[in-house]
Amino acid sequence: MTQAADPFWKESNDNTAYPITVYRSTTCGCCKAWVDHLKDHNFKVKEITDSEMTAVKKAFGVPQNMASCHTASINGKIIEGHVPAQDIKRMLETDNDIRLLTVPGMVSGTPGMDMDGAEKHDFRVYAVKNNGDQSVFNTYADY
């Protein structure tokens, strides 16, 4: 199995900067690591810690089957879980009716879950449109 913590997430880094608000638990280390990933990609992060993350997800309309550990808000869109920064930027830079990008669960190897020695698992980034339709936005296999 391939190990995480390689420079893959540094690829496709550009100087485009966006403000983003991240809601996370006070005790979650992977959430902090995902915030660092965003900062590495020039996002201007405002962090809000909340002990009631289930209520936060409900308020933002995150479907239970699409939930992860942290939730973010950017330009009227919601980001759930360990979505790579380059996918967020690609979504923001295209005309679309996506309301949510998500990596459900906590997949080893994703940004924030890529600590030294962690296995890299294949994963998908899902898009949920304003009408509720769900589709695969990006697939990471053998990355």
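**Group meeting: the core and the strands around it**

Let me begin with one residue, Ile-88, which, leaving out residues up to four places away in sequence, touches Trp-34, Leu-38, Phe-43, Ile-74, Ile-79, Val-83 and Leu-101. I should say straight away that what we are looking at is a predicted model, and that my remarks are to be taken in that light.

Ile-88 belongs to the largest nonpolar core, which has 24 residues, and it is listed with Leu-38, Phe-43, Ile-74, Ile-79, Leu-101 and Val-125 as touching the most other members. At least two residues of this core are supplied by each of E1, H1, E3, helix H3 (85–92), strand E5 (98–103), E6 and E7, and the largest share, four residues, is that of H3. There is also a second, separate core of five residues, among them Cys-28, Cys-30, Cys-31 and Cys-69. As a general background to this, nonpolar side chains in soluble globular proteins tend to be buried together.

Let me stay with H3. How many of its eight residues are buried? Seven are, and the helix is accordingly mostly covered; the buried ones are Ala-85, Gln-86, Asp-87, Ile-88, Lys-89, Met-91 and Leu-92, and they pack against H1, E3, strand E4 (77–81), E5, E6 and E7. Leu-92 deserves a word of its own, because its relative accessibility is 18% and the cut-off for buried is under 20%, so it counts as buried. If we leave aside the neighbours within four places in sequence, Leu-92 is in contact with Tyr-18, Ile-74, Asn-75 and Lys-77. From Leu-92 to Val-128 the separation is 36 residues in sequence and 14 Å in space, taken C-alpha to C-alpha.

I turn now to the strands, starting with E1, which spans residues 19–24 and has five of its six residues buried, so that this strand is largely enclosed by the rest of the structure. E1 runs parallel to strand E2 (residues 44–49), to which six bridges join it, and here Arg-24 stands opposite Thr-49. Between these two strands the chain passes through helix H1 (residues 29–40), in a β-α-β crossover that is right-handed. E1 also pairs with strand E3 (residues 71–74), this time in the antiparallel sense and over three bridges, with Val-22 opposite Ala-72.

Further along the chain, E5 and E6 run antiparallel and are joined by four bridges, Leu-100 having Val-128 in E6 as its bridge partner. E6 and E7 are likewise antiparallel, with six bridges between them, and the partner of Tyr-126 is Val-136 in E7. The hairpin that these two strands form has four residues between the strands, and within the hairpin Gly-132 takes a positive phi near 95°.

Finally, the aromatic rings, of which a search of the whole structure finds three pairs. How are the rings of Phe-123 and Tyr-140 arranged? Their centres are 4.6 Å apart and their planes are at 10°, so this pair is stacked. Phe-123 lies in strand E6 (residues 123–129) and Tyr-140 in strand E7 (residues 134–140), so the pair ties together parts that are 17 residues apart in sequence; both Phe-123 and Tyr-140 are buried. A further ring, that of Phe-137, has the charged end of Arg-90 sitting over it, 4.0 Å from the ring centre.

Definitions and conventions
Residues are numbered from 1 along each chain as its sequence is written. This is a predicted model: local features need pLDDT of at least 70, side-chain atom pairs count only at pLDDT 80 or more; totals for chains, interfaces and linings use all residues. Side-chain values use heavy atoms; hydrogens and water are left out. Buried means under 20% relative accessible area, exposed over 50%, partly exposed in between (1.4 Å probe, protein chains only). Two strands pair if DSSP finds at least two bridges between them. A crossover is right-handed if, with the strands pointing away from the viewer, the path from the first strand over the helix to the second runs clockwise. Rings of Phe, Tyr and Trp (its six-membered ring) pair if their centres lie within 6.5 Å; planes under 30 degrees apart count as stacked, over 60 as edge-to-face and the rest as tilted. A charge sits over a ring if NZ of Lys or CZ of Arg is within 6 Å of the ring centre and within 35 degrees of the ring normal. A nonpolar core is a set of buried Ala, Val, Leu, Ile, Met, Phe, Trp, Tyr and Cys residues joined through side-chain atoms within 4.5 Å. Contact means heavy atoms within 4.5 Å.
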